[in-house]
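Here are a few short exercises to help you find your way around a new structure. Have a go at each one before you read its solution.

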Amino acid sequence: MTEVEPPPWAGLAPVGEYPYEETHDLRTGPDLHPALLGLLPLVGVWRGRGEGDYPTIEGFHFGVEMRFSHDGRPFLFYESRAWIIDHDGTPIRPAQRETGFWRPVMKDGKATDDLEVVTCSPTGIVELYAGVSRSTTQWQMATDGIGRTATAKEVRGGQRLYGIIDGALLYTFDLAAVGQELQSHLWARLDRVAG
């Protein structure tokens, strides 16, 4: 019988919970990294409603919550949860989820107006976006690369526009997928609920 060696972690002391704070509220937690000043207006939790449409599906209304948080490093953690609602706002079922990171492109140690955004969804799609801060409250991006699992729907490209107008976060998402050309797919208005 061959003697089995113990795994390298056997006998090591246990570790506690994750020791670093992440926050969506600039009044608590770590200081915002200076490179994120151009993204500062996004930090917080936003909630609202929107509409979606595409030639291959029936139009729909949805609720959405977006969270932009940081842990003191030069990127924002992004999370979005959506749910289908009826016209009166009554929830019908869960919809799309996304997680990812937004980070400014650095040059000579300083943040530029250029952005790199990575998103991942449970539908098997990872999107890489190249973008730009159009102003201190407007961010525009387009896909620079798309990865998908063997069972994911065919997605060829997308464009997103985020802007804060009169205190609300508005966004649009144009999509090229399932044989369709790039066209409007989602649009929404969200209010800040925390941060």
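## Exercises with solutions

The place of Ala10 is in the segment before strand E1, and keep in mind that this model is predicted.

**Exercise 1.** Work out whether Ala10 counts as buried, partly exposed or exposed.

*Solution.* Start with the cut-offs: buried means under 20% relative accessible area, and exposed means over 50%. Ala10 has 41% relative accessibility, so it counts as partly exposed.

**Exercise 2.** Find how far apart the C-alpha atoms of Ala10 and Arg27 are.

*Solution.* Along the chain, Ala10 and Arg27 are 17 residues apart. In space, their C-alpha atoms are separated by 41 Å.

**Exercise 3.** Place Leu40 in the chain, class its exposure and name its patch partners.

*Solution.* First, look just at the chain: Leu40 sits in the segment before strand E1, which runs 44-54. Next, its relative accessibility is 33%, so Leu40 counts as partly exposed. Finally, Leu40 joins Leu26 and Leu37 in a nonpolar surface patch, and together they have about 260 Å² of accessible area.

**Exercise 4.** Describe the largest pocket: its volume, its lining and the strand that gives the most to it.

*Solution.* Begin with the volume, which is about 940 Å³. The pocket is lined by 35 residues, and those closest to its centre are Gln96, Phe173, Leu175, His185 and Leu186. Now sort the lining by type: 20 residues are nonpolar, eight are polar and seven are charged. Last, check the strands: several supply at least two lining residues each, including E4 (91-107) and E9 (168-177). E2 gives the most, with seven residues.

Terms used. Residues are numbered from 1 along each chain as its sequence is written. This is a predicted model: local features need pLDDT of at least 70, side-chain atom pairs count only at pLDDT 80 or more; totals for chains, interfaces and linings use all residues. Side-chain values use heavy atoms; hydrogens and water are left out. Patches are made of residues with over 30% relative accessible area and no salt bridge: like charges are joined within 9 Å, nonpolar side chains (Val, Leu, Ile, Met, Phe, Trp, Tyr) within 5 Å. Accessible areas come from the Shrake-Rupley method with a 1.4 Å probe; for residues, only the protein chains shown count as cover. A salt bridge is a side-chain nitrogen of Lys or Arg within 4 Å of a carboxyl oxygen of Asp or Glu. Helices (H or I, at least four residues) and strands (E, at least two) are DSSP runs, numbered from the N terminus. Buried means under 20% relative accessible area, exposed over 50%, partly exposed in between (1.4 Å probe, protein chains only). On a 1 Å grid over the protein atoms alone, a cavity is a set of points where a 1.4 Å probe fits but cannot get out, and a pocket is an open set with protein on both sides within 12 Å along at least five of seven lines; lining residues have an atom within 4 Å of a point. Grid points are joined across faces, edges and corners, and a volume is the space filled by probe spheres set on the points. Ala, Val, Leu, Ile, Met, Phe, Trp, Tyr, Cys and Pro count as nonpolar, Asp, Glu, Lys and Arg as charged, and the others, Gly among them, as polar.
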